Amino acid sequence: MKYSLSISGGFTGITKKYAGEVSVAGAELKKIVEALNTPPLAKNENLRDGLQYHLNVQKDTENYEANFDDSNLPSPIRSLITTILNQK
């Protein structure tokens, strides 16, 4: 599946962007799509120096997009981000 990921915020506030393709197993892909289709928890306004994540995933003809931060990042999305970061 294709992805684009933007990570911003943190102590330095420097935005990092990633794009490419990643292979994800069927069951894991289903969890990722469910997490992207579920409205995220409310933002933590007291979160300081936290990271914000903007993720866009394209599987076949479907596009999924969502925004998260460190306080509301679902486990399947966290795993996907870890996989993406470990590819580089």
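Modeller: Before we look at any loop, one definition: strands here are DSSP runs of at least two residues, helices are runs of at least four, and both are numbered from the N terminus. Keep in mind too that this is a predicted model.

Colleague: Okay, then where does Phe11 lie?

Modeller: Phe11 sits in the loop between E1 and strand E2, which covers 16-21.

Colleague: And is Phe11 buried or exposed?

Modeller: We call a residue exposed when its relative accessible area is over 50%, and buried when it is under 20%. Phe11 comes out at 73%, so it counts as exposed. From Phe11 to Tyr53 it's 15 Å, C-alpha to C-alpha, with their positions 42 residues apart in sequence.

Colleague: Let me step back to the whole chain. Which pattern does the protein chain follow along the sequence?

Modeller: Reading along the sequence, you get β-β-α-β-β-α. That makes four strands and two helices.

Colleague: What does the radius of gyration of the protein chain agree with?

Modeller: The idea is to compare the chain with a compact globule that has as many residues. For 88 residues such a globule would be near 12 Å, and this chain has 13 Å, so the two agree. If you prefer a box, the C-alpha atoms fill one of roughly 35 × 25 × 20 Å along the principal axes.

Colleague: How many of the contacts in the protein chain link residues 24 or more positions apart?

Modeller: Among contacts with a separation of 6 or more, 57% join residues at least 24 positions apart.

Colleague: Now the inside. Which residues touch the most other members of the largest nonpolar core?

Modeller: First the general idea: in soluble globular proteins, nonpolar side chains tend to be buried together. In this chain, 34% of the 88 residues count as buried. The largest nonpolar core has 22 residues, and the ones touching the most other members are Met1, Leu5, Leu36, Leu55, Ile77, Leu80 and Ile81. At least two residues of this core come from each of E1 (2-9), H1 (26-37), E3 (51-59), E4 (62-69) and H2 (75-87). H1 gives the largest share, five residues.

Colleague: Take Leu5, then. What does Leu5 touch?

Modeller: Setting aside residues up to four places away in sequence, Leu5 touches Lys16, Lys17, Tyr18, Tyr53, His54, Leu55, Ile81 and Ile84.

Colleague: How do I read a residue that's neither buried nor exposed?

Modeller: Anything between those two cut-offs is partly exposed. Lys31, in helix H1, is partly exposed at 45%. Its C-alpha is 8.5 Å from that of Ile77, although the two are 46 residues apart in sequence. Gly20, in strand E2, is partly exposed as well, with 27%. Beyond its neighbours within four places, Gly20 is in contact with Met1, Lys2 and Tyr3.

Colleague: What phi does Asp60 have?

Modeller: Most residues other than glycine have a negative phi. Asp60 isn't a glycine, yet its phi is positive, about 55 degrees. You'll find Asp60 in the loop between E3 and E4, and it is exposed, with a relative accessible area of 62%.

Colleague: Last one: how many positive and negative side chains does the protein chain have?

Modeller: There are 10 positive and 10 negative, and the centres of the two sets lie 4 Å apart. As for the accessible surface, it comes to about 5700 Å², with 48% belonging to carbon and sulfur atoms.

How values were computed. Residues are numbered from 1 along each chain as its sequence is written. This is a predicted model: local features need pLDDT of at least 70, side-chain atom pairs count only at pLDDT 80 or more; totals for chains, interfaces and linings use all residues. Side-chain values use heavy atoms; hydrogens and water are left out. The radius of gyration is taken over C-alpha atoms; the globule rule is 2.2 Å times the number of residues to the power 0.38. Buried means under 20% relative accessible area, exposed over 50%, partly exposed in between (1.4 Å probe, protein chains only). Contact means heavy atoms within 4.5 Å. Accessible areas come from the Shrake-Rupley method with a 1.4 Å probe; for residues, only the protein chains shown count as cover. Lys and Arg count as positive and Asp and Glu as negative; His and the chain ends are not counted. The place of a charge is taken as NZ of Lys, CZ of Arg, CG of Asp or CD of Glu. A nonpolar core is a set of buried Ala, Val, Leu, Ile, Met, Phe, Trp, Tyr and Cys residues joined through side-chain atoms within 4.5 Å.
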